[in-house]
Amino acid sequence: MAQEGMELGAFSMSLTVKDLGASRAFYEKLGFEQMGGDGEHYLILVNGTAVIGLFQGMFDRNILTFNPGLTQSKEQLDDFTDIRELRDRLVAAGIELTADLDPEGTGPASIAFVDPDGHPVLIDQFFPKPGTSRD
């Protein structure tokens, strides 16, 4: 049963690659275009609403990635569920985190966990939720 209000944000697949240039060339043949990245260690590619990140030497495994506060077309939302609230709800649901954040912090943060089959999941919030402050 899905948790009500568990909006995780934009979804992308973060792929570990051996050769960033070769992977970029391959995905460009599929119609993907670069929308971000440093070009040396990672690239963010899009094709319509499909988003993939290519990461060379940064991760051991492919990762399911969610970005709270972003639409699938990478537009920033005015209202979204802050990562700290998502964290609290996941922990309350019995999800064991493999990387945690400062629950008293604000702004950008990330958490990670693995699904029952060992697939890493990253929730990575890039910016603070408008109007939030923990002062």
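This passage walks through helix H2, the nonpolar cores, the strand pairing around E5 and one loop histidine.

The model is a predicted one. Confidence is a handy place to start: the protein chain has a mean pLDDT of 91, with 93% of its residues at 70 or more. Helix H1 (residues 20-29) comes out highest, at 98. At the other end of the ranking sits strand E2 (residues 33-37), where confidence is lowest, at a mean of 93.

Helix H2 spans residues 83-92, and its buried residues are Ile83, Arg84, Leu86, Arg87 and Leu90. These residues are on the same side of H2, because they take up an arc of only 155 degrees around the axis. What they pack against is a set of strands: E6 (97-99), E7 (109-114) and E8 (120-125). Both ends of the helix have something to show. At the N-terminal end, Asp82 acts as a cap, with a side-chain oxygen 2.9 Å from the backbone nitrogen of Arg84. After the helix comes Gly94, with a positive phi near 90 degrees.

Arg87 deserves a line or two of its own. This H2 residue has a relative accessible area of 14%, so it counts as buried, the cut-off being under 20%. Setting aside residues up to four places away in sequence, Arg87 touches Leu97, Asp100, Leu101, Pro103 and Ile111.

On to the nonpolar cores. The largest has eleven residues: Phe66, Ile83, Leu86, Leu90, Leu97, Leu101, Ala109, Ile111, Phe113, Val121 and Ile123. At least two residues of this core come from each of H2, E7 and E8. Another core lies apart from it, with eight residues, including Leu15, Leu20, Leu45 and Leu54.

Phe113, a member of the largest core, belongs to strand E7. Its relative accessibility is 11%, so Phe113 is buried. Neighbours within four places in sequence aside, Phe113 is in contact with Leu90, Ile95, Glu96, Leu97, Thr98, His119, Pro120, Val121 and Ile123. Asp100, one of the residues touched by Arg87, is 13 residues from Phe113 in sequence, and the C-alpha to C-alpha separation of that pair is 9.0 Å.

Strand E5 (residues 63-67) is mostly covered, with four of its five residues buried. E5 pairs with strand E1 (residues 10-17) in the antiparallel sense, over five bridges. Here Phe11 stands opposite Phe66 of E5, and Phe66 also turns up in the largest nonpolar core. With E8, E5 pairs in the parallel sense, over three bridges. Leu64 has Val121 as its bridge partner in E8. Val121 is another residue of the largest core, and it is among the contacts of Phe113.

That leaves His41, which sits in the loop between E2 and strand E3 (42-47). With 35% relative accessibility, His41 counts as partly exposed. Once neighbours within four places in sequence are left out, the contacts of His41 are Leu20, Leu54, Phe55, Gln56 and Met58. Two of these names are familiar: Leu20 and Leu54 are among the residues of the eight-residue core. As for Thr81, it is 40 residues from His41 in sequence and 30 Å away in space, C-alpha to C-alpha.

Conventions. Residues numbered from 1 in each chain as written. Predicted model: local features only at pLDDT ≥ 70, side-chain atom pairs only at ≥ 80, totals over all residues. Heavy atoms only, no water. Buried < 20%, exposed > 50% of the residue type's maximum accessible area, 1.4 Å probe, protein only. Arc of directions from axis to C-beta. Contact = heavy atoms within 4.5 Å. Polar contact = N/O pair within 3.5 Å; in protein donor to acceptor, adjacent residues only side chain to side chain. pLDDT = per-residue confidence, 0-100. Core = buried A, V, L, I, M, F, W, Y, C linked by side-chain atoms within 4.5 Å. Pairing = 2+ DSSP bridges.
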